[in-house]
Amino acid sequence: MMQNENKSDHHCHLYEGKNNILIVRRAQEFQMTLQFNQPVNPSDKFQIEFYIGIDTYVLNGTKIIVPFDGSQTGNWTGRMIQEQGDECVVGITPSADAIIGKYYTNVAVIGYNGISRTQKDSGTDFYLLFNAWASNDEVYMPNEEDRQEYVMNENGCMYQEESGGGRQWYYGQFVEGILDICFQILDDSRMPLVNRGDAAKVCRIGSAMIPGALISLWFFVYIFFHSLWNQMNSQDDRGVLVGNWSEDFSLGTAPTFWIGSDQILLQYANKGPVSYAQCWVYAGTLNTFLRCLGIPARVITNFNSAHDNSGNIITDLVFNSVGNQLELNERLTRDSIWNYHCWNEAYLSRLDLPADQDLGGWQVVDSTPQETSDGKREIRIMGETYFSLLYTHFVCLEWDSKLHNQIHENAAI
């Protein structure tokens, strides 16, 4: 599978523990060497077949056939690069909207007696990722310096003070095991394979799956009277992290102890949901997930961050009769103002939104569990949203209004 050459060309050479398997990005050619049991003749007919998943079909993109007889059966293309005796080198270009994930490969020789296929061989499996270097991929980022920062960089800073203070964070998207865990997260979410070529939907699933259960101050009072833990295993509990905004972290690790995402994801793969997280931990972990799969992403910190719980695009401040502002509480209003809040932005085109609005670019995604998704499901998802919409009140588009409620009035990013 010419791993070394292809990985370098596709900017996938940093993934650790994957020396014996190919990792490439879609919408860009990779090369394969084929060896037959006899010299290749121009009249020989063969095709390469790629599969992802169990039940595969050509029509939904889970089975791809690339012929080498001049015909074309799909959006993936192939070309003969070199022929010598019983070997040939071919080039394969996956489509720009191909499903990301792990594929397996067959070579099929077409003869008078039908089609003869090679046996399944794990040595010909490969991973396909989003491609920020390909101009026809929806995550395309035109500037190389930006691609190095938002796809390839494994280190960052979680800003927690307006003066610039914060904590260093190791994203570790290339650490051994992380790539498989990111695909495991998609599997755990039960995301259909046919949707995994859509970067916007992958971002949304990530924002749903990074958060798990939610624990606040009342949890430790209630648990004394009732076994709440088992009742909290709702759909959200398949997520990676358990949030905790109390002062008791005795059942897990305090959010301030985490210094990177890699250990969180590795623990999730081995033991299930990881305790505990707050906003910067959620944001750092989602950033790792997105960069690992090839989506440009960054962490944003917003200071004096307002959260509009009532959905009226207003942050309610309550004053007494002499003009003194009262401390916000749920009896007066469910709105809140945090000293800071962290979320993510992912860079992609929004092919699902009106083309005349030019809504591609940085999209806001918040994985801290605060709101249900459009009030329809008990999944706490926010975003993704094109950031300029947050300042124009243009919030009628799918998935966007919840994020507007949180940050429109306090946009010092």
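User: How do the residues of the lining of the second largest pocket divide into nonpolar, polar and charged?

Analyst: This is a predicted model, in which local features need pLDDT of at least 70 and side-chain atom pairs count only at pLDDT 80 or more, while totals for chains, interfaces and linings use all residues. Residues are numbered from 1 along each chain as its sequence is written, and side-chain values use heavy atoms, without hydrogens and water. Ala, Val, Leu, Ile, Met, Phe, Trp, Tyr, Cys and Pro count as nonpolar, Asp, Glu, Lys and Arg as charged, and the others, Gly among them, as polar. On that basis the lining holds 8 nonpolar, 8 polar and 4 charged residues.

User: How much space lies in the second largest pocket?

Analyst: On a 1 Å grid over the protein atoms alone, a pocket is an open set of points where a 1.4 Å probe fits, with protein on both sides within 12 Å along at least five of seven lines; lining residues have an atom within 4 Å of a point. Points are joined across faces, edges and corners, and the volume is the space filled by probe spheres set on them. For the second largest pocket this gives about 390 Å³.

User: Which of the lining residues are the closest to the centre of the second largest pocket?

Analyst: The lining has 20 residues. Strand β4 (residues 63-67) gives the most to it, with 3 residues; strands (E, at least two residues) and helices (H or I, at least four) are DSSP runs numbered from the N terminus. The closest to the centre are Val58, Asn60, Gly61, Asn75 and Ser95.

User: Why is one side of β2 and of β5 left without a neighbour in the sheet?

Analyst: The open sheet has 3 strands in the order β2-β6-β5, with antiparallel pairing, where two strands pair if DSSP finds at least two bridges between them. Its twist averages 25° from one strand to the next. One side of β2 (30-35) and of β5 (77-84) is free because these strands stand at the edges, each with a single partner strand.

User: Which residue is the bridge partner of Leu34 in β6?

Analyst: β2 and β6 (residues 87-93) pair in the antiparallel sense over 6 bridges. Thr33 stands opposite Val89. For Leu34, the partner is Cys88.

User: Which side chains along β2 point to one face and are buried?

Analyst: In a regular strand the side chains alternate between the two faces of the sheet. Buried means under 20% relative accessible area, exposed over 50%, and partly exposed in between (1.4 Å probe, protein chains only). Gln31, Thr33 and Gln35 point to the other face and are not buried. The buried ones are Phe30, Met32 and Leu34.

User: Which helix gives the largest share of the largest nonpolar core?

Analyst: A nonpolar core is a set of buried Ala, Val, Leu, Ile, Met, Phe, Trp, Tyr and Cys residues joined through side-chain atoms within 4.5 Å. The largest has 62 residues, and Leu179, Leu241, Phe289, Leu293 and Ile295 have the most contacts inside it. Its largest share, 10 residues, comes from helix α8 (residues 279-293).

User: What is the relative accessibility of Asp358, and is this residue buried or exposed?

Analyst: Asp358 is in the loop between β16 (336-348) and β17. Its phi is near 50°, a positive value in a residue other than glycine. The relative accessibility of Asp358 is 60%, so the residue counts as exposed.

How values were computed. Axes are lines fitted to C-alpha atoms, for helices over the stretch in contact, and angles run from 0 to 180 degrees between N-to-C directions.
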